[in-house]
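Q: I would like a close look at one part of this model, taken slowly and with its surroundings in view. Please begin with a single pair of packed elements and work outwards from there.

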Amino acid sequence: MRFFDRILLALEGIGIALDAIRANKVRAGLTIAGVGVGVFVVVAMGATVHGIRQSFQSDLDEFGATSFQVRRRGIGFNACDGTDDTCPDRRNPAITLDEWAAIRDMPDVEAATAWLSGQTSFDYKDRHVTNVGYDAQSTDWLKTDVADLSPGRSFSRAEHDGAAQVVIINDTLKNRLFGDSDPIGKQIAVEGKQFTVIGVFHTKAGFLKSMDGRGPDKPRAILPMMTAYRHLDVWRRGLLIMVKPRVGVEQAVVMDAVTEMLRGRRGLKPAQPNNFALVAQDRMLETFDQLFGAIFMVGLALSAVGLLVGGVGVVAIMMISVTERTREIGVRKALGATRVTILWQFLVEAATLTSIGASTGLMVGAVLAWVVRTNTSIPASIPGSAIATAILASIATGVVFGMLPALRASRLDPVEALRYE
């Protein structure tokens, strides 16, 4: 059969499939719905995960592509049950401020920010805000945590080292405590101690920050590290250091230098493993991919169920179609149609049915991605790979499940088919 003839036959098959949908609305509707649900799950999962990953990448880029963290323990997903066997790093000593100062003074380090998080309540006159997250950081925090600071200022080196009771609040906390009035210079109570507000910061809302309670809708504050150590009840073992190498210096070079310095300070022998962890940006992305890869596999399993339901519908509709058109098949064979021609025609019909279901699922998935994008900080968008996968999966479903009725049609004896009543 020539290529042009195949195209004409495919168009004819599409027209017949549309007629079959009109003639069997309920069965066709269930088939389309089954395939549509399967495709929708793939598209929705793909759009959401793709958007979250983009936001995650954006957050990491804000810290600097070559930045890395020095932590007491590594990150990732493992089967840690709290014992030394499965959690060998649980007894690692805490990162100290002396180690932070040593890293900060290394020649290839642009900035090293000590970072500790906590949560407490803030009060101003009769206004009380609970569950306020705060970050206790060193003076160079703006070099590793991009944020707009206006009005006001950051704290000075003298205020940091002297544990001055000053604080920077974000927009949400400012609105809850002060409304429209100017907060700069006013006194607020943090854990019953008086702090002076010296600035207001605005955070760009990425998924990573939102997930960690740092989105713009959450009240949050920043204060000097030494202030937190001296005046607040902080968990010091949670201290970590964000390290930003100088421009032109490779990340690996600085990580090796930091590792050597920390091992020396901690007196580790050559055979002993590190009792601290250096976490680069790509390691964080790997952790993200592990988490959402598992979620995506669950989505694929649900999608497979939807495609299976649609496939069963395809078999039912095509079997009925073959029975109803037995005499037509006989006439076509009597006029010279080959088995391949009949097989091709019915497979096109089956693929058309599932493609309509896929188009429906894609449209609903696109609407969901738009809703997520416009109402959350997740820039959800449907990646091209998800669209291609959905279309190919739907066509494959139609071909696989349409094969049995198509074979039955192609093997009909033309004489018996013409006698069929």
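In which kind of crossing, left-handed or right-handed, does H11 pass H12?

A: The model is a predicted one, and in it H11 passes H12 in a right-handed crossing. The contact between H11 and H12, sorted by residue class, has 17 nonpolar, seven polar and one charged residues. The two elements are helix H11, residues 339–375, and helix H12, residues 384–410, and they pack at an angle of about 145° with their axes 7 Å apart.

H11 also has a partner that precedes it in the chain, namely helix H10, which covers residues 326–334 and packs with H11 at an angle of about 140°, the axes being 10 Å apart. Angles that are neither under 35 degrees, nor over 145, nor from 65 to 115 count as oblique, and H10 and H11 are therefore oblique to each other. The crossing in which H10 passes H11 is again right-handed. On the H10 side this contact is made by Glu328, Ile329, Arg332 and Lys333, and on the H11 side by Arg339, Thr341, Ile342, Gln345 and Phe346. By class, the contact of H10 with H11 comes to three nonpolar, two polar and four charged residues.

Elsewhere in the chain, helix H3 (residues 97–104) and helix H8 (residues 251–266) offer a further packed pair, at an angle of about 140° and with axes 11 Å apart. H3 and H8 are therefore likewise oblique to each other, and their crossing is right-handed. In this pair, Asp98, Glu99, Ala102 and Ile103 of H3 meet Val258, Met261, Leu262, Arg265 and Arg266 of H8, and the classes represented are five nonpolar and four charged residues, with no polar ones.

Moving from helices to strands, strand S6 (residues 187–190) has two partners to consider. With strand S2, residues 109–124, S6 pairs in the antiparallel sense over two bridges, and within this pairing the bridge partner of Phe122 is Val190 in S6. With strand S7, residues 193–202, S6 again pairs in the antiparallel sense, here over four bridges, and Ile188 stands opposite Phe195 in S7. S6 and S7 form a hairpin with two residues between the strands, in which Glu191 takes a positive phi near 55°.

Glu191 and Phe195 return in the surroundings of His231, a residue that lies in helix H7 (residues 225–231). Apart from neighbours within four places in sequence, His231 is in contact with Ala163, Gln165, Glu191, Lys193 and Phe195, so that the contacts of this one helical residue include Glu191 of the hairpin and Phe195 of S7. Because residues under 20% relative accessible area are taken as buried, His231, at 18% relative accessibility, counts as buried.

These parts belong to a chain whose secondary structure comes to 13 helices and ten strands. Of its 421 residues, 46% count as buried. Among contacts in the chain between residues at least 6 apart in sequence, 76% join residues at least 24 apart.

Definitions and conventions: Residues are numbered from 1 along each chain as its sequence is written. This is a predicted model: local features need pLDDT of at least 70, side-chain atom pairs count only at pLDDT 80 or more; totals for chains, interfaces and linings use all residues. Side-chain values use heavy atoms; hydrogens and water are left out. Axes are lines fitted to C-alpha atoms, for helices over the stretch in contact, and angles run from 0 to 180 degrees between N-to-C directions. A crossing is left-handed if the near helix is turned anticlockwise from the far one by less than a right angle, and right-handed if clockwise. Contact means heavy atoms within 4.5 Å. Ala, Val, Leu, Ile, Met, Phe, Trp, Tyr, Cys and Pro count as nonpolar, Asp, Glu, Lys and Arg as charged, and the others, Gly among them, as polar. Two strands pair if DSSP finds at least two bridges between them. Buried means under 20% relative accessible area, exposed over 50%, partly exposed in between (1.4 Å probe, protein chains only).
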